[in-house]
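Thanks, everyone. Let me put the model up, and then we'll walk through strands, cores and cysteines.

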Amino acid sequence: MLGSWAYHRHEIHILDLSGDIVKRIRGLGDLSSYLTTHAGPVCVSTMALDAADADDLVLNPATGGVSILPGGNRSPMVNACVLGCVPSTGECKVLRLSYYHKAEGFGVACEVIALGGAGDQRWRAKPSPVDILADAEYIAAVDGIAYFLSSFGPGGGSSRVLLDVALFDLATEEWRPAVLRGPPSSHVFQETDNIKFDALDGCFAVIHHKDRDCSTDLWFLVDVDTGSWTKRCSMRCVMRVPLVPCSPCYILFPWPLGVLDDGKILAWLQMQDLLTAYDPRTETWAYVGSLSEYYHTVVMHQGSLLCPDLQG
(Lines give C-alpha, C1' and ligand atoms only; values in the text may rest on other atoms or scores of the structure.)
Protein backbone atom coordinates (compact mmCIF):
# COMPACT_ATOMS: atom_id res chain seq x y z
CA MET A 1 0.00 0.00 0.00
CA LEU A 2 1.06 3.59 -0.62
CA GLY A 3 0.34 6.54 1.65
CA SER A 4 -0.04 9.83 -0.18
CA TRP A 5 -0.78 13.40 0.72
CA ALA A 6 -3.28 15.06 -1.62
CA TYR A 7 -2.07 18.64 -1.25
CA HIS A 8 -4.96 20.54 -2.77
CA ARG A 9 -7.60 18.45 -0.96
CA HIS A 10 -5.95 18.39 2.49
CA GLU A 11 -6.40 14.63 2.61
CA ILE A 12 -4.33 11.49 3.09
CA HIS A 13 -5.01 8.86 0.43
CA ILE A 14 -4.19 5.16 0.75
CA LEU A 15 -3.42 3.78 -2.72
CA ASP A 16 -2.89 0.30 -4.06
CA LEU A 17 0.20 -0.54 -6.12
CA SER A 18 -1.62 0.47 -9.32
CA GLY A 19 -2.16 3.98 -8.01
CA ASP A 20 -5.89 3.57 -7.37
CA ILE A 21 -7.33 5.18 -4.22
CA VAL A 22 -8.66 2.60 -1.76
CA LYS A 23 -9.23 4.89 1.23
CA ARG A 24 -9.38 8.62 1.99
CA ILE A 25 -8.74 10.20 5.39
CA ARG A 26 -10.40 13.59 5.36
CA GLY A 27 -10.79 16.61 7.61
CA LEU A 28 -7.13 16.94 8.52
CA GLY A 29 -6.71 20.66 7.81
CA ASP A 30 -3.66 22.25 6.17
CA LEU A 31 -1.04 19.52 6.16
CA SER A 32 2.65 20.18 6.56
CA SER A 33 5.32 18.97 4.15
CA TYR A 34 6.19 15.61 5.68
CA LEU A 35 4.52 12.26 6.11
CA THR A 36 6.12 9.32 7.91
CA THR A 37 4.87 5.79 8.50
CA HIS A 38 6.13 2.71 10.28
CA ALA A 39 4.34 -0.64 9.84
CA GLY A 40 0.94 0.75 10.73
CA PRO A 41 0.54 4.26 12.17
CA VAL A 42 1.12 7.31 10.01
CA CYS A 43 2.42 10.61 11.43
CA VAL A 44 1.73 14.01 9.91
CA SER A 45 1.46 17.60 11.14
CA THR A 46 -0.80 20.51 10.32
CA MET A 47 0.02 24.15 9.72
CA ALA A 48 -1.76 27.24 11.02
CA LEU A 49 -1.19 30.99 11.08
CA ASP A 50 -1.27 30.73 14.86
CA ALA A 51 1.16 28.02 16.06
CA ALA A 52 -1.18 27.22 18.93
CA ASP A 53 -3.72 25.94 16.39
CA ALA A 54 -1.27 23.53 14.68
CA ASP A 55 -1.24 19.85 15.65
CA ASP A 56 0.88 16.72 15.32
CA LEU A 57 -1.36 13.82 14.27
CA VAL A 58 -1.10 10.03 14.30
CA LEU A 59 -3.41 8.32 11.81
CA ASN A 60 -4.69 4.75 11.83
CA PRO A 61 -5.09 3.77 8.15
CA ALA A 62 -7.08 0.64 9.07
CA THR A 63 -9.86 2.58 10.82
CA GLY A 64 -9.33 6.11 9.52
CA GLY A 65 -8.96 7.23 13.14
CA VAL A 66 -6.97 10.36 13.96
CA SER A 67 -5.21 10.97 17.29
CA ILE A 68 -3.90 14.42 18.22
CA LEU A 69 -0.62 14.30 20.11
CA PRO A 70 -0.20 16.61 23.12
CA GLY A 71 1.01 20.05 22.16
CA GLY A 72 3.69 20.44 24.83
CA ASN A 73 6.07 23.27 24.05
CA ARG A 74 5.36 23.07 20.35
CA SER A 75 7.44 25.51 18.36
CA PRO A 76 5.86 27.53 15.52
CA MET A 77 8.73 26.23 13.37
CA VAL A 78 8.19 22.45 13.62
CA ASN A 79 10.04 21.01 10.64
CA ALA A 80 9.62 17.26 10.98
CA CYS A 81 8.01 14.53 13.08
CA VAL A 82 9.74 11.17 12.68
CA LEU A 83 7.85 7.98 13.52
CA GLY A 84 9.93 4.93 14.51
CA CYS A 85 9.66 1.68 16.45
CA VAL A 86 11.97 0.15 19.08
CA PRO A 87 12.52 -3.50 17.99
CA SER A 88 13.14 -4.88 21.48
CA THR A 89 9.87 -3.57 22.94
CA GLY A 90 7.66 -2.88 19.91
CA GLU A 91 7.07 0.62 21.26
CA CYS A 92 6.43 3.34 18.68
CA LYS A 93 7.85 6.79 19.30
CA VAL A 94 7.66 10.14 17.57
CA LEU A 95 10.70 12.41 17.41
CA ARG A 96 9.79 16.06 16.81
CA LEU A 97 12.33 18.54 15.44
CA SER A 98 11.85 22.31 15.48
CA TYR A 99 14.02 25.16 14.29
CA TYR A 100 14.60 28.06 16.65
CA HIS A 101 16.52 31.32 16.44
CA LYS A 102 19.86 31.69 18.19
CA ALA A 103 22.70 34.20 18.04
CA GLU A 104 24.55 32.37 15.23
CA GLY A 105 21.44 31.67 13.14
CA PHE A 106 19.22 28.63 13.72
CA GLY A 107 19.33 25.68 16.09
CA VAL A 108 17.27 22.49 16.16
CA ALA A 109 15.22 21.55 19.24
CA CYS A 110 14.46 17.87 19.83
CA GLU A 111 11.53 16.19 21.68
CA VAL A 112 10.34 12.57 21.97
CA ILE A 113 6.96 11.05 22.84
CA ALA A 114 5.89 7.38 23.11
CA LEU A 115 2.63 6.24 21.53
CA GLY A 116 0.09 4.14 23.42
CA GLY A 117 0.68 2.58 26.83
CA ALA A 118 -0.94 3.31 30.17
CA GLY A 119 1.31 6.18 31.18
CA ASP A 120 0.94 9.89 30.60
CA GLN A 121 1.77 10.94 27.06
CA ARG A 122 4.18 13.83 27.35
CA TRP A 123 6.93 15.22 25.16
CA ARG A 124 10.41 14.78 26.63
CA ALA A 125 12.99 17.38 25.68
CA LYS A 126 16.30 15.93 24.47
CA PRO A 127 19.71 17.50 23.82
CA SER A 128 19.79 19.44 20.59
CA PRO A 129 21.56 17.68 17.73
CA VAL A 130 24.71 19.16 16.29
CA ASP A 131 24.59 20.24 12.66
CA ILE A 132 21.76 18.32 11.04
CA LEU A 133 19.31 19.23 8.30
CA ALA A 134 15.83 18.64 9.75
CA ASP A 135 14.20 18.27 6.34
CA ALA A 136 11.93 15.33 5.52
CA GLU A 137 13.87 14.14 2.47
CA TYR A 138 16.98 13.70 4.64
CA ILE A 139 15.31 11.64 7.40
CA ALA A 140 14.55 7.93 7.78
CA ALA A 141 13.83 5.61 10.72
CA VAL A 142 14.81 1.92 10.66
CA ASP A 143 15.15 -0.65 13.47
CA GLY A 144 14.87 1.89 16.27
CA ILE A 145 17.34 4.40 14.82
CA ALA A 146 16.46 7.68 13.14
CA TYR A 147 18.96 8.84 10.52
CA PHE A 148 19.56 12.50 9.63
CA LEU A 149 21.78 14.21 7.11
CA SER A 150 24.53 16.00 8.98
CA SER A 151 25.54 19.44 7.79
CA PHE A 152 27.80 19.42 4.78
CA GLY A 153 31.53 20.08 5.00
CA PRO A 154 34.22 20.68 2.36
CA GLY A 155 35.13 17.67 0.26
CA GLY A 156 38.32 18.66 -1.51
CA GLY A 157 36.92 20.99 -4.15
CA SER A 158 34.47 23.80 -4.67
CA SER A 159 31.93 21.51 -6.37
CA ARG A 160 32.09 18.67 -3.83
CA VAL A 161 30.76 18.25 -0.32
CA LEU A 162 30.89 15.50 2.29
CA LEU A 163 27.88 13.42 3.28
CA ASP A 164 27.75 12.36 6.93
CA VAL A 165 24.80 10.88 8.81
CA ALA A 166 23.75 11.67 12.40
CA LEU A 167 21.96 8.92 14.38
CA PHE A 168 19.31 9.15 17.11
CA ASP A 169 18.66 5.97 19.12
CA LEU A 170 14.93 5.73 19.88
CA ALA A 171 15.46 3.13 22.64
CA THR A 172 17.93 5.21 24.69
CA GLU A 173 16.54 8.50 23.33
CA GLU A 174 20.06 9.80 22.81
CA TRP A 175 22.13 10.98 19.87
CA ARG A 176 25.02 8.70 19.04
CA PRO A 177 28.32 10.49 19.66
CA ALA A 178 29.85 9.75 16.25
CA VAL A 179 28.43 10.45 12.80
CA LEU A 180 28.22 7.75 10.18
CA ARG A 181 30.17 8.28 6.97
CA GLY A 182 27.97 7.92 3.89
CA PRO A 183 28.39 5.27 1.20
CA PRO A 184 31.54 5.25 -0.96
CA SER A 185 30.17 7.04 -4.02
CA SER A 186 27.90 9.34 -2.03
CA HIS A 187 29.95 10.71 0.85
CA VAL A 188 31.67 12.90 -1.74
CA PHE A 189 29.18 14.08 -4.33
CA GLN A 190 28.52 16.98 -6.66
CA GLU A 191 26.49 19.92 -5.41
CA THR A 192 24.12 19.45 -8.35
CA ASP A 193 23.29 15.88 -7.27
CA ASN A 194 20.13 14.94 -5.38
CA ILE A 195 20.24 12.92 -2.15
CA LYS A 196 17.31 11.33 -0.33
CA PHE A 197 17.14 9.12 2.77
CA ASP A 198 14.58 6.33 3.00
CA ALA A 199 13.72 2.97 4.56
CA LEU A 200 13.77 0.37 1.79
CA ASP A 201 13.41 -3.39 2.20
CA GLY A 202 13.85 -3.05 5.98
CA CYS A 203 17.15 -1.18 5.63
CA PHE A 204 18.33 2.42 5.82
CA ALA A 205 19.06 3.52 2.27
CA VAL A 206 20.72 6.51 0.65
CA ILE A 207 19.26 7.35 -2.75
CA HIS A 208 21.86 9.23 -4.77
CA HIS A 209 20.80 10.79 -8.08
CA LYS A 210 23.74 11.91 -10.23
CA ASP A 211 23.04 14.58 -12.80
CA ARG A 212 26.34 14.03 -14.59
CA ASP A 213 25.33 10.61 -15.99
CA CYS A 214 21.58 10.63 -15.22
CA SER A 215 21.64 7.64 -12.91
CA THR A 216 20.30 6.88 -9.44
CA ASP A 217 22.36 4.73 -7.08
CA LEU A 218 20.68 2.81 -4.25
CA TRP A 219 23.03 2.28 -1.31
CA PHE A 220 21.88 0.12 1.63
CA LEU A 221 23.45 0.24 5.09
CA VAL A 222 24.64 -3.28 5.96
CA ASP A 223 25.94 -2.69 9.50
CA VAL A 224 25.34 0.50 11.45
CA ASP A 225 28.18 -0.20 13.89
CA THR A 226 30.88 -0.83 11.26
CA GLY A 227 29.44 1.67 8.77
CA SER A 228 29.50 -0.83 5.88
CA TRP A 229 27.36 -0.26 2.78
CA THR A 230 26.32 -2.19 -0.30
CA LYS A 231 25.09 -0.77 -3.62
CA ARG A 232 22.07 -2.77 -4.77
CA CYS A 233 21.81 -1.14 -8.17
CA SER A 234 22.33 1.93 -10.30
CA MET A 235 19.15 2.88 -12.16
CA ARG A 236 19.52 4.70 -15.45
CA CYS A 237 17.09 7.58 -15.83
CA VAL A 238 16.23 7.19 -19.51
CA MET A 239 12.73 8.69 -19.42
CA ARG A 240 12.72 12.20 -20.83
CA VAL A 241 9.28 13.68 -21.47
CA PRO A 242 8.50 17.22 -22.71
CA LEU A 243 5.96 18.88 -20.45
CA VAL A 244 4.45 20.79 -23.39
CA PRO A 245 4.94 20.27 -27.13
CA CYS A 246 8.17 21.70 -28.58
CA SER A 247 9.56 22.37 -25.08
CA PRO A 248 12.87 21.00 -23.77
CA CYS A 249 12.77 17.46 -22.40
CA TYR A 250 13.01 17.00 -18.64
CA ILE A 251 14.93 14.26 -16.86
CA LEU A 252 12.50 12.28 -14.73
CA PHE A 253 14.73 10.77 -12.11
CA PRO A 254 12.86 8.29 -9.90
CA TRP A 255 12.28 8.33 -6.15
CA PRO A 256 12.23 4.66 -5.04
CA LEU A 257 9.35 3.77 -2.71
CA GLY A 258 10.06 0.14 -1.87
CA VAL A 259 11.34 -3.25 -3.00
CA LEU A 260 8.60 -5.57 -4.29
CA ASP A 261 8.40 -9.32 -3.61
CA ASP A 262 9.95 -10.12 -7.01
CA GLY A 263 12.95 -7.87 -6.34
CA LYS A 264 11.78 -5.03 -8.58
CA ILE A 265 12.01 -1.49 -7.21
CA LEU A 266 8.80 0.52 -7.14
CA ALA A 267 9.49 4.17 -7.97
CA TRP A 268 7.49 7.39 -8.20
CA LEU A 269 7.99 9.87 -11.05
CA GLN A 270 6.56 12.98 -9.42
CA MET A 271 6.50 15.31 -12.43
CA GLN A 272 4.46 12.80 -14.45
CA ASP A 273 2.42 11.29 -11.56
CA LEU A 274 3.51 7.80 -12.59
CA LEU A 275 4.37 4.63 -10.71
CA THR A 276 7.06 2.52 -12.36
CA ALA A 277 9.06 -0.58 -11.49
CA TYR A 278 12.75 -1.11 -12.18
CA ASP A 279 14.15 -4.62 -12.64
CA PRO A 280 17.82 -4.68 -11.52
CA ARG A 281 18.40 -8.02 -13.28
CA THR A 282 17.40 -6.78 -16.74
CA GLU A 283 18.02 -3.05 -16.08
CA THR A 284 14.63 -2.25 -17.56
CA TRP A 285 11.62 -0.17 -16.55
CA ALA A 286 7.97 -1.20 -16.56
CA TYR A 287 4.84 0.91 -16.23
CA VAL A 288 2.85 0.14 -13.05
CA GLY A 289 0.14 2.77 -12.84
CA SER A 290 -0.90 6.42 -13.00
CA LEU A 291 -1.92 8.58 -10.06
CA SER A 292 -5.29 10.24 -10.50
CA GLU A 293 -4.43 13.18 -8.22
CA TYR A 294 -1.48 15.51 -7.76
CA TYR A 295 0.46 14.35 -4.70
CA HIS A 296 2.99 16.35 -2.76
CA THR A 297 4.35 13.29 -0.95
CA VAL A 298 4.16 9.54 -1.58
CA VAL A 299 5.52 6.97 0.89
CA MET A 300 5.32 3.19 1.14
CA HIS A 301 2.95 2.01 3.87
CA GLN A 302 3.79 -1.42 5.27
CA GLY A 303 0.77 -1.84 7.56
CA SER A 304 -2.44 -3.74 6.87
CA LEU A 305 -5.79 -2.08 6.28
CA LEU A 306 -7.40 -5.18 7.75
CA CYS A 307 -5.96 -4.84 11.24
CA PRO A 308 -7.62 -2.06 13.28
CA ASP A 309 -5.57 -2.69 16.45
CA LEU A 310 -2.80 -0.14 16.01
CA GLN A 311 -1.18 2.02 18.61
CA GLY A 312 -1.72 5.75 18.37
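Start at one residue pair: T276 stands opposite Y287, which is in strand 28. The model is predicted, so local features need pLDDT of at least 70 and side-chain atom pairs count only at pLDDT 80 or more, while totals for chains, interfaces and linings use all residues. Residues are numbered from 1 along each chain as its sequence is written, and side-chain values use heavy atoms, with hydrogens and water left out.

A word on terms. Strands here are DSSP runs of E, at least two residues, numbered from the N terminus. Two strands pair if DSSP finds at least two bridges between them.

Back to our pair. Six bridges link strand 27, residues 274-279, to strand 28, residues 284-290, in the antiparallel sense. The two form a hairpin with four residues between them. In that turn, E283 has a positive phi of about 55 degrees.

On to strand 26, residues 265-269. Five bridges join it to strand 27, again antiparallel. L269 has L274 of strand 27 as its bridge partner.

Now the whole sheet. It is open, has four strands, and is ordered 25-26-27-28 with antiparallel pairing. Strand 25, 255-259, and strand 28 are the edges, each pairing on one side only. Neighbouring strands are turned by 30 degrees on average, direction ignored; the axes behind that angle are lines fitted to C-alpha atoms, and angles run from 0 to 180 degrees between N-to-C directions.

There is another open sheet of four antiparallel strands, in the order 19-20-21-22. Strand 19 (194-200) and strand 22 (228-236) each have a single partner strand, so one side of each has no neighbour in the sheet. Strand 21, residues 215-223, pairs with strand 22 over eight bridges. L221 has W229 in strand 22 as its bridge partner.

Next, the inside. A nonpolar core is a set of buried Ala, Val, Leu, Ile, Met, Phe, Trp, Tyr and Cys residues joined through side-chain atoms within 4.5 Å. Buried means under 20% relative accessible area, with a 1.4 Å probe and protein chains only. The largest core has 19 residues; V82, L95, L97, F148, F168 and W175 touch the most other members. Apart from it lies another core of 17 residues, including W219.

Last, cysteines. How many disulfides does the search find? Zero, in the whole structure, taking a disulfide as a pair of cysteine sulfur atoms within 2.5 Å. Why not C85? Its closest cysteine sulfur, in C92, is 4.1 Å away, too far for a bond. C85 counts as buried, at 16% relative accessibility.

Note on methods: Buried means under 20% relative accessible area, exposed over 50%, partly exposed in between (1.4 Å probe, protein chains only).
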